[in-house]
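User: Hello! I am new to this structure and would like to go through it step by step.

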Amino acid sequence: MTFKPLVFSGVQPTGHLHLGNYLGALRKFVALQDSHDCIYCVVDLHSLTATLVHDDLADQTRAITAAFLASGIDPQKHIVFNQSRVPQHAELAWIFNCVARIGWMNRMTQFKDKAGKDRENASLGLLAYPSLMAADILVYRATHVPVGDDQKQHLELTRDIAAKFNNDFSRRIGELGVGQPVEMGEETVNGFFPLTEPLIEGPATRVMSLRDGTRKMSKSDPSDLSRINLTDDADQIARKIKKAKTDPEPLPSDLEGLAGRPEAENLVGIYAALADTTRAAVIGDFGGRQFSEFKPALAELAVEKLAPVSAEMRRITADHAYVDGVLRAGGERAAALAEATMRDVRDIVGLLQG
Ligand code: AQP
């Protein structure tokens, strides 16, 4: 692939960020800054699929931006903005709605989970969510997307949309001379969009609920005890870890011993991610010990790592003028890049412009 390496990822302003968002996404965003150009987006249009009428969407958007900045994202070197400032995302999403098939959308597990039993009554936006996500990424022709494991299927769909667009418009892409070599399996085609790679690795790609090790830690879980919010103070963090569901056995002495013990596996994964080590190393240190010994160590580590982020988040969130300025400046930089892509896309599709 000859596309310039570029990282894109987004977070929805749909509630308090939790440890899963932090370990599965934000920490990776920060780590990639040294090696890549990065674009990080608060995807406010996506959040309308969860709740159409928000009383505090602007503040939620500021809070997620503050979390980005407090985690260590540098908005001078990289681009930080909110999605709705760059209308090219929605424009490309419409074209992708015409490229993607309804069957592809119907197969998405996130759609099935969120729509529940009454799918006919779900919004069209919820069904088309992955098409807007593909547009978010491809309007910058981004090559890499750091996400948690739950977004893997949506990233596969992004690749399917890019591949179908490259294929459907191959003649026009060739005539206009706007393509680049894209490896598709065995063959290399002249495509306009890259086949974006998901970056899903490390010990905490899917942090599970503290109340049920078989369910993802989620902003929308009704039980606040199920998650550690980035806004929780030290006492709340310690209390939630103390109350976290576990089984009666001590921690196993090897990794295989975690099989069939989802809560133990989850806590070991969280410890490993926070300590920047492997699950094997955590088992090496704590194997054979009771949860009554492991949980306080985990709580201490979580407080040590999260308290500075949480304090910085509070400080930045209060400074509306600063946060809004970051988003405005980032939006202008993002829009210039997105418009360059869209000029070519409109030509490829044959829309009259200019
Ligand atoms: N439990 C998790 N473990 C690891 N990564 C996670 N992510 C979310 N939950 C976990 C990653 O966080 C990024 C931002 O997610 P999002 O807010 O855009 O969407 P989401 O996946 O819908 O997040 P939630 O918290 O689960 O919200 P609700 O409850 O509204 O569905 C993504 O990279 C995601 O993978």
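User: By class, which residues does the shell around the ligand have?
Analyst: Glad to help! This is a predicted model, where local features need pLDDT of at least 70 and side-chain atom pairs pLDDT 80 or more, while totals for chains, interfaces and linings use all residues. Residues are numbered from 1 along each chain as its sequence is written, and side-chain values use heavy atoms, leaving out hydrogens and water. Here Asp, Glu, Lys and Arg count as charged, Ala, Val, Leu, Ile, Met, Phe, Trp, Tyr, Cys and Pro as nonpolar, and the others, Gly among them, as polar. On that basis the shell has five charged, six nonpolar and ten polar residues.

User: How many residues surround the ligand?
Analyst: A residue counts as near if one of its heavy atoms lies within 4 Å of the molecule. The closest are Asp 150, Lys 216, Ser 218, Lys 219 and Ser 220, and the number surrounding the ligand is 21.

User: Which helix gives the most to the shell around the ligand?
Analyst: Helices are DSSP runs (H or I, at least four residues), numbered from the N terminus. With four residues in the shell, the top contributor is helix α1 (residues 19-32).

User: Where does a nitrogen atom of the ligand meet a polar backbone atom?
Analyst: Polar contacts with the ligand are pairs of N or O atoms within 3.5 Å. The ligand's nitrogen atom is 2.9 Å from such a backbone atom, and the residue is Met 217.

Definitions and conventions: Polar contact = N/O pair within 3.5 Å; in protein donor to acceptor, adjacent residues only side chain to side chain. Helix = DSSP H or I, 4+ residues; strand = E, 2+ residues; numbered from the N terminus.
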